[in-house]
Amino acid sequence: MRECSGFFSAERLLTDSPVPKYLQAAEIFRHFIFSPEGNREKKFPPEPELARMLRCSRRTVREAMNTLEKEHLVCRIPRRGTVFASTVSPRDRQSGVQKICVVWPRYNSTWTPLLQEFRECAEDAGYQVEIKLYHLTDRVEEQRLLLNAFRESRGVVFYPNLCHSDENLIRDIPEYFPLVLFDLPSKTVRFSSVSVDHESGAYLLTQKLLETGFRRPGFVGTSNIPSSELRFRGYRNALEDAGIPFEPAMNYSVRKGFNNPDFLNWLTEARIDSLVLVSPALPNNFFLYHRDIISGLHGLRTGIAGFELRQKEIWKDPAVLFCAEQPGIEMGRELFRILEYEMRSTEKIRLKTSVSPKIYKKN
């Protein structure tokens, strides 16, 4: 603990600061947890020794440790002292229940394999898992569930609302907290993330259509959703590499207002022979399997390559030639792997991983 003595003896609590001494001490202790000295020791000196080194009362030290305990940064274990929470396995007999929260939009069956796999991985490792679901239209509920998860658990997986994305939701969560974001590919976000490789998926789908003989594939997406924008970029890149010029008329944005006749008119007027479809269901009531759309696609002999279609769904309609299935099981495992790394590490390394979708072709 000699290195600890040097670390804490160099710190001072300010008597004339508006910040209470115990909060000043808590900040010093946080710095120690993520410092090279702390990374070697993995625990704190006894409270009387900390009080002596910081020249404060034991009560100040105790209240500071209470704060860190509420933040899930330390564990007080009899005969072992105050140790870093990252060193305590959930299977440790002296560990309390370690809970992980998943904050997710109310989902359809698309995400069931991912969440089941995540839960199984976490429970096999000894963690308790709670899945909190919010409504896509309820921003208040989304923020409330996220903050509750932060207070209650050792780590959180959060799937932000992509229809109304707001990075301010995670602004008040400390950077040291183990938080893994799903499907938020922004490189500027200060937390780890797991996302689908939307761009390469759209590139491959467009390429498959072109290889089949289609020459004017249209793109059906929606604005202001990162995944749709990335898929559009992959679509454009595939056209460019094939020497096919892109025209604005080849892009149909559902967010600009949608009805079945308008969509079918666009197919005809823009001379679209095939579609790269962001999703079989989009905002404003676009639904691939509506009878009017199906009838129109059959009449025009339009081939479809779509995202978020599972392999079994590809047989619902003969127009669907290729689909990109989200690899739910692989993403569930990856989410848990990275979250566990965040919970068990005191290094400030943020992992950002992108998982390629599986491309299926109708036989």
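Contact here means heavy atoms within 4.5 Å. Keep that in mind as you click around, and remember that this is a predicted model, where local features need pLDDT of at least 70, side-chain atom pairs count only at pLDDT 80 or more, and totals for chains, interfaces and linings use all residues. Residues are numbered from 1 along each chain as its sequence is written, and side-chain values use heavy atoms, with hydrogens and water left out.

**Stop 1: Val180**

Select Val180, which sits in strand E6 (residues 179–182). Strands (E, at least two residues) and helices (H or I, at least four) are DSSP runs, numbered from the N terminus. Show the surroundings of Val180 and, leaving aside neighbours within four places in sequence, you'll find contacts with Val156, Val157, Phe158, Ser192, Ser193, Val194, Leu335, Ile338, Leu339 and Glu342. Val156 is 24 residues away along the chain, yet its C-alpha is 6.4 Å from that of Val180. Is Val180 buried or exposed? Val180 is buried, because its relative accessibility is 0%; buried means under 20% relative accessible area, exposed over 50%, and partly exposed in between (1.4 Å probe, protein chains only).

**Stop 2: the whole chain**

Zoom out to the cartoon. The protein chain has twelve helices and 16 strands. Of its 363 residues, 50% count as buried. Among contacts with a separation of 6 or more, 65% join residues 24 or more positions apart.

**Stop 3: Phe8 and helix H4**

Go to Phe8, in helix H1 (residues 2–9). Phe8 has a relative accessible area of 0%, so it counts as buried. Which residues does Phe8 touch, not counting those up to four places away in sequence? They are Ile28, Phe29, Phe32, Phe44, Pro45, Leu50, Met53 and Leu54. Draw a C-alpha to C-alpha distance from Phe8 to Phe29: these two are 21 residues apart in sequence and 8.8 Å apart in space.

Now colour helix H4 (residues 47–54), where Glu47, Leu50, Ala51, Met53 and Leu54 are buried. These residues lie on the same side of H4, because they cover an arc of only 165 degrees around the axis (the arc is that of the directions from the helix axis to the C-beta atoms). Just after H4, look at Arg55, with a positive phi of about 55 degrees.

**Stop 4: H6 against H12**

Two packed helices are described by the angle between their axes and the distance between the axes. Select helix H6 (residues 112–124) and helix H12 (residues 328–344), which pack at about 40 degrees with axes 7 Å apart. Axes are lines fitted to C-alpha atoms, for helices over the stretch in contact, and angles run from 0 to 180 degrees between N-to-C directions. H6 and H12 are therefore oblique to each other (under 35 degrees is roughly parallel, over 145 roughly antiparallel, 65 to 115 roughly perpendicular, and the rest oblique). The crossing of H6 and H12 is right-handed: the near helix is turned clockwise from the far one by less than a right angle, whereas anticlockwise would be left-handed. For sticks, show Pro113, Leu114, Glu117, Phe118, Cys121 and Ala122 in H6, which meet Gly328, Ile329, Met331, Gly332, Arg333, Leu335, Phe336 and Leu339 in H12.

**Stop 5: the largest nonpolar core**

A nonpolar core is a set of buried Ala, Val, Leu, Ile, Met, Phe, Trp, Tyr and Cys residues joined through side-chain atoms within 4.5 Å. The largest one has 32 residues, and Val220, Phe263, Trp266, Leu267, Ile272, Leu275 and Ile304 touch the most other members. Elements that each supply at least two residues of this core include helix H8 (198–212), helix H9 (226–241), helix H10 (260–269) and strand E10 (274–277). A second, separate core has 25 residues, including Leu115, Ala125, Val157 and Val355.

**Stop 6: H10 and two arginines**

Stay on H10, where Asn260, Phe263, Leu264, Trp266 and Leu267 are buried. They cover an arc of only 150 degrees around the axis, so they sit on the same side of H10. Flip to the other side of H10 and you'll see Pro261 and Glu269, both exposed.

Follow the chain into the loop between H10 and E10 to find Arg271. Its phi is near 55 degrees, a positive value in a residue other than glycine. Arg271 counts as exposed because its relative accessibility is 54%. Finish at Arg301, in the loop between H11 and E13, where phi is again positive, near 55 degrees. With a relative accessible area of 72%, Arg301 is exposed.
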